[in-house]
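User: I am beginning to study protein structures and would like to work through one example by question and answer. Could the chain be shown before we start?

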Amino acid sequence: MRKFFVLCIAMLLAVSAQARKVEKSDSLAGKNKKEIVKTGYNFGPLPALAFDADKGIQLGAVLNIYDFGDGSTYPNTRQQWYLEASFFTKGSQQYVVSYDNRFWIPGVRFSTALNITNDKAMDFYGFNGYESFYDFDLVKLGKKSDEMFLYTPKYRMNRLAISYKADFVGKIGDSKFSWEAGYHLGYYDQGAIDRDKINKNKADNKKFPDSEPTLFEQYRTWGIIKDSEADGGFSSALRLGMLYDSRDKEGAPSRGIWAEAHLILAPKWLGTSDPYYKYSATFRHYVPIVDRDRLTFAYRLNYEGTFGRQAPYYVLPFLTTMGPMYDRDGMGGFRSVRGIMRNRVQGYDMASYNAEFRWRFVTFTLWKQNIAFALNLFSDGTMVTKGYDMSFGRTAEEFASPAAYEEAYMEYDSYVKKGTSEDRPHIAVGVGLRFIMNQNFIVCFEYGKPVGKYSKQDGNGAFYINTGYLF
């Protein structure tokens, strides 16, 4: 795997070097090169060969289809499709079909997506960030010592998530403001890991033993996760919002503001198993430091909040999105807080930031395509601001005997005492390299690492090969 990464980077550097020769030659000839305005349909098929430290190696296929029409909207598209079928070596499968259209309804943008994720080993580290202790020493020991079983499954669970969305975004007059309205349907089937599959083909001394409960199983025993919602359920929600967008372009913006505020209404009468009401606010700002996209400072501030304390635990790991994107897993991982373990931070209210410098160090045209390479230096962070109820939720009558109740409570009390009294900021820093074609098709290589006093609680860092900018 390491050889593959080295080969990819070497290829990128080779193309970059050739591009610099082209630019230098054109400069000496006195030419003033301009970006090609793309028209018609452009196809971006590629194998879904990627890597995510949280999910493993991704294998499959991805197809991007961009329709630029007569070129009057370039670099933005008239409509676009995204198709993906892939699986990850750590046990998950993902199937995505999404469509985005700007012209069917005059003045209104329509986006829809169907996403199916079958994750046999989804990360589960508990609630409220550092309040939930992650035993990194035992995880490390299980990987290195022949005398210790693999401890990683302790922080895994099983989840099948199926989501569908239909969003409408309409301009308000000639302003930069738009209204947003959409319907989002989600089905979640969750439970404990399948130990037979987790232990398949492993040496006996590395198998996760039946005698060791996973954290998810402990949360159920202690009543932190309610029986009524432990196995998942349906989420049927209306989303309403306002949008302000002054970006110069969507795929890789270099100036402008993109700000949104949403309400998420999931009442019982709409078909939701466990009703909840949430809100979300996101502010993104792109500041040009050197013109022509050469150097940009970009940052994002996000707040995910809950009205009251009624949201079921299975909707907490998702960030609210509207428009062409679909919901992603929450705080931790490539799409939210790079370098921190996936879903490490979950709570009723969560605040986060992302800040990065984007340096597009070379731009050229090749085979009638607009090509660029960019480096970025970033820092991401998050924390829970309103915590999930971590109280022991069982009575003695729910156990087989008083001794069983006492044993369960002592285990719970020991676990809680290992964590902090409240969450603290989770911070990571990192670097990345991106290949950009026609301002929309973007392949990235990024590495992030947690920093700070509690950094070991957030993992050892993560490397990602994926697509797009984070925001």
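User: How many helices and how many strands does the chain have?
Analyst: This is a predicted model, and the answers below describe that model. Among its strands is S15, which covers residues 349-366, and among its helices is H5, which covers residues 402-418. The full count for the chain is 5 helices and 19 strands.

User: What percentage of the residues in the chain is buried?
Analyst: A residue counts as buried when its relative accessible area is under 20%. The chain has 471 residues, and the buried share of them is 53%.

User: Among contacts between residues at least 6 apart in sequence, what percentage joins residues at least 24 apart?
Analyst: A contact requires heavy atoms within 4.5 Å. One pair that is far apart in sequence is tyrosine 286 with phenylalanine 471, whose parts of the chain are 185 residues apart. For the chain, the share of such contacts that join residues at least 24 apart is 67%.

User: Which helix gives the most residues to the largest nonpolar core?
Analyst: The largest nonpolar core has 41 residues, and those with the most contacts inside it include Phe124, Trp222 and Ile225. Two or more residues come from each of strand S7, helix H4, strand S10 and helix H5. With 4 residues, the element that gives the most to this core is H4.

User: How many residues does the other core, which includes Phe68, have?
Analyst: This core lies apart from the largest one. Its members include Phe361, Leu433 and Phe463 as well as Phe68. The number of residues in this core is 16.

User: Is arginine 342 buried or exposed?
Analyst: Arginine 342 lies in the loop between strands S14 and S15. Its side chain makes a polar contact of 2.9 Å with the side chain of aspartate 123. Because its relative accessibility is 5%, arginine 342 counts as buried.

User: Which glutamate has its side chain in a polar contact of 2.8 Å with the side chain of asparagine 376?
Analyst: Asparagine 376 is in strand S16, residues 369-386, and it is buried, with a relative accessible area of 5%. A polar contact of 3.4 Å joins its side chain to that of glutamate 356. The contact of 2.8 Å is made with the side chain of glutamate 446.

User: What kind of aromatic pair do tyrosine 286 and phenylalanine 471 form?
Analyst: Tyrosine 286 is buried at 1% relative accessible area, and phenylalanine 471 is buried at 7%. Their ring centres are 6.1 Å apart, with 35° between the planes. Planes under 30 degrees apart would count as stacked and planes over 60 as edge-to-face, so an angle between these limits is classed as tilted. The pair is therefore described as tilted.

User: Which arginine has its charged end over the ring of phenylalanine 471?
Analyst: Phenylalanine 471 lies in the segment after strand S19. The charged end in question is 4.9 Å from the centre of its ring. It belongs to arginine 358.

User: What separates the C-alpha atoms of valine 443 and isoleucine 465, in Å?
Analyst: Valine 443 is in strand S18 and is buried, with a relative accessible area of 17%. Beyond its neighbours up to four places away in sequence, valine 443 touches Leu433, Arg434, Phe435, Asn466 and Thr467. Isoleucine 465 is 22 residues away along the chain, and the separation of the two C-alpha atoms is 7.4 Å.

User: Which proline is joined to tyrosine 74 by a cis peptide bond?
Analyst: Most peptide bonds are trans. The bond that follows tyrosine 74 is cis, with omega of about 15°. The proline is in the loop between strands S3 and S4, and the residue is proline 75.

User: What is the phi of lysine 368?
Analyst: Most residues other than glycine have a negative phi. Lysine 368 is found in the loop between S15 and S16 and is exposed, with a relative accessible area of 67%. Although lysine 368 is not a glycine, its phi is positive, at about 65°.

Technical notes:
Residues are numbered from 1 along each chain as its sequence is written. This is a predicted model: local features need pLDDT of at least 70, side-chain atom pairs count only at pLDDT 80 or more; totals for chains, interfaces and linings use all residues. Side-chain values use heavy atoms; hydrogens and water are left out. Buried means under 20% relative accessible area, exposed over 50%, partly exposed in between (1.4 Å probe, protein chains only). A polar contact is a pair of N or O atoms within 3.5 Å; within protein, one must be able to donate a hydrogen and the other to accept it, and residues adjacent in sequence count only if both atoms are side-chain atoms. Rings of Phe, Tyr and Trp (its six-membered ring) pair if their centres lie within 6.5 Å; planes under 30 degrees apart count as stacked, over 60 as edge-to-face and the rest as tilted. A charge sits over a ring if NZ of Lys or CZ of Arg is within 6 Å of the ring centre and within 35 degrees of the ring normal. A nonpolar core is a set of buried Ala, Val, Leu, Ile, Met, Phe, Trp, Tyr and Cys residues joined through side-chain atoms within 4.5 Å.
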